[in-house]
Amino acid sequence: MATLHDQGAFVAHAGTDVYGPGKVIGVEGAGGELRRVRFVHFVATIAVRDLRAASREETEQVREWLRQKAARYGGRW
């Protein structure tokens with residue numbers, strides 16, 4: 001059974017847009033209640049309850065940002 005906001009999911013913070021959209025890069029915490037998220041400007045650990053699924057536009061914004069970083073620096077983002 002899939003859990004909420006699995007690794008690779010595009011998400012945004014449910015309470016503020018200060019973080020911008022991001023992509024889940026890991027599951028942390030006892031019981032997996034935390035997500036490690038690569039937001040556009042930084043990486044943070046956020047409680048699952050404070051995340052929501054990213055909109056289509058937010059998802060595309062993150063994908064484009066990731067493409068730009070991969071083209072500039074190489075590797076996997």
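Visitor: How many residues sit between E3 and E4 in their hairpin?
Guide: The hairpin of E3 and E4 has three residues between the two strands. Strand E3 covers residues 34-39 and strand E4 residues 43-47. Strands (E, at least two residues) and helices (H or I, at least four) are DSSP runs, numbered from the N terminus.

Visitor: What sort of model is this, and how are residues numbered?
Guide: This is a predicted model, in which local features need pLDDT of at least 70, side-chain atom pairs count only at pLDDT 80 or more, and totals for chains, interfaces and linings use all residues. Residues are numbered from 1 along each chain as its sequence is written, and side-chain values use heavy atoms, with hydrogens and water left out.

Visitor: Back to the hairpin: in which sense do E3 and E4 pair, parallel or antiparallel?
Guide: E3 and E4 pair in the antiparallel sense, over five bridges; two strands count as paired if DSSP finds at least two bridges between them. Arginine 36 has threonine 45 in E4 as its bridge partner.

Visitor: And what does E3 do with E2?
Guide: E3 pairs with strand E2 (residues 22-28) in the antiparallel sense, over six bridges. Valine 24 has valine 37 of E3 as its bridge partner, and glycine 22 stands opposite phenylalanine 39. E2 and E3 also form a hairpin, with five residues between them. Glycine 29, in that turn, has a positive phi of about 85 degrees.

Visitor: Which side chains of E3 are buried, and which are not?
Guide: Arg35, Val37 and Phe39 point to one face and are buried, whereas Leu34, Arg36 and Arg38 point to the other face and are not. Buried means under 20% relative accessible area, exposed means over 50%, and partly exposed lies in between (1.4 Å probe, protein chains only). In a regular strand, side chains alternate between the two faces of the sheet.

Visitor: What is the strand order in the whole sheet?
Guide: The open sheet has five strands in the order E4-E3-E2-E1-E5, with antiparallel pairing. Its edge strands are E4 and E5 (51-53), each of which pairs on one side only. The twist averages 50 degrees from one strand to the next. Helix H1 (residues 56-73) packs on this sheet and touches E1 (10-13), E2, E3 and E5. The direction of H1 makes about 110 degrees with that of E1; axes are lines fitted to C-alpha atoms, for helices over the stretch in contact, and angles run from 0 to 180 degrees between N-to-C directions.

Visitor: Which residues make up the largest nonpolar core?
Guide: The core consists of Val11, Val24, Val37, Phe39, Ala44, Ile46 and Leu51. E3 and E4 each supply at least two of its residues. A second, separate core has six residues, including Phe10, Val40, Val62 and Trp65. A nonpolar core is a set of buried Ala, Val, Leu, Ile, Met, Phe, Trp, Tyr and Cys residues joined through side-chain atoms within 4.5 Å.

Visitor: What does phenylalanine 39 touch beyond its sequence neighbours?
Guide: Leaving aside neighbours within four places in sequence, phenylalanine 39 is in contact (heavy atoms within 4.5 Å) with Tyr19, Gly20, Pro21, Gly22, Ala44, Ile46 and Trp65. Its relative accessible area is 1%.

Visitor: How many aromatic pairs are there?
Guide: There are three. In one of them, phenylalanine 39 and phenylalanine 42 are tilted, at 5.8 Å centre to centre with 45 degrees between the planes. Rings of Phe, Tyr and Trp (its six-membered ring) pair if their centres lie within 6.5 Å; planes under 30 degrees apart count as stacked, over 60 as edge-to-face, and the rest as tilted. Phenylalanine 42 is partly exposed, at 35% relative accessible area. Ring pairs link Tyr19, Phe39 and Phe42 into a cluster.

Visitor: Changing topic, how many salt bridges are counted?
Guide: The count comes to three, a salt bridge being a side-chain nitrogen of Lys or Arg within 4 Å of a carboxyl oxygen of Asp or Glu. Arginine 52 forms one with glutamate 58, the closest N and O atoms being 2.8 Å apart. Glutamate 58 counts as buried at 17% relative accessibility, whereas arginine 52 is partly exposed at 32%.

Visitor: Which glutamates meet arginine 67?
Guide: Glutamate 60 meets arginine 67 at 2.6 Å, N to O, and glutamate 64 does so at 3.0 Å. These salt bridges share partners and join Glu60, Glu64 and Arg67 into one network.
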